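I wanted to go through the strand pairing first, then the helices, and finally a few single residues. My notes follow in the order in which I looked things up.

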Amino acid sequence: MTKSPAYLSDVSISYGVDEIPSNMKDMDPWTVTLTTEYGSESFPFFMGKGHHGAEPEVPDVIYSLVSDASFLESEPEEVSYPVGKAIEANNRKMAHLFGSYWETLQAMDEDEIRAVF
């Protein structure tokens, strides 16, 4: 049986990150590590205090990364250089993890991503 391209063989979510950007100080920081047959990648993930410390769900993380990629493609002026570089780095990580399926994920809406993961 062939694995679905969206198959995650492991997910690790832990509270805390190596560095908290100044504009994220009032958010809950998480480190998310996703593993597929292509390897593992870690991402910092921040959630507002309104989530009351709830652990993020995988579909939320994936959708956030998809949204960031879409936002960056529009080349908005308000994206700072460090933020843009972080989004680019995350795009490379997702392309590594999911191969060409990353492009498919980027075309999905939130409900479609939730259904896959």
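I began with S1 and strand S2 (residues 27-36), which run antiparallel and are joined by six bridges. In this pairing I found isoleucine 13 standing opposite valine 32 in S2. The model I am reading is a predicted one.

I then followed the whole sheet, which is open, has three strands in the order S1-S2-S3 and pairs them antiparallel. Strand S1 (10-15) and strand S3 (39-48) stand at the edges with a single partner strand each, so one side of each has no neighbour in the sheet. For the turn between neighbouring strands of this sheet I noted 20° on average, with direction ignored.

Next I looked at what packs on the sheet. Helix H1 (residues 58-73) does so by touching S1, S2 and S3, and its direction makes about 90° with that of S3. H2 also packs on the sheet, touching S2 and S3, and the direction of H2 makes about 135° with that of S3.

Within helix H2 (residues 81-98) I looked up asparagine 90. Is asparagine 90 buried or exposed? Its relative accessible area is 13%, and because buried means under 20%, asparagine 90 counts as buried. Setting aside neighbours within four places in sequence, I found asparagine 90 in contact with Phe43 and Leu65.

Glutamate 88 lies in helix H2 as well, but with 32% relative accessibility I entered glutamate 88 as partly exposed. Last, I noted that glutamate 88 and alanine 69, which are 19 residues apart in sequence, lie 7.6 Å apart in space from C-alpha to C-alpha.

Notes: Residues are numbered from 1 along each chain as its sequence is written. This is a predicted model: local features need pLDDT of at least 70, side-chain atom pairs count only at pLDDT 80 or more; totals for chains, interfaces and linings use all residues. Side-chain values use heavy atoms; hydrogens and water are left out. Helices (H or I, at least four residues) and strands (E, at least two) are DSSP runs, numbered from the N terminus. Buried means under 20% relative accessible area, exposed over 50%, partly exposed in between (1.4 Å probe, protein chains only). Contact means heavy atoms within 4.5 Å. Two strands pair if DSSP finds at least two bridges between them. Axes are lines fitted to C-alpha atoms, for helices over the stretch in contact, and angles run from 0 to 180 degrees between N-to-C directions.
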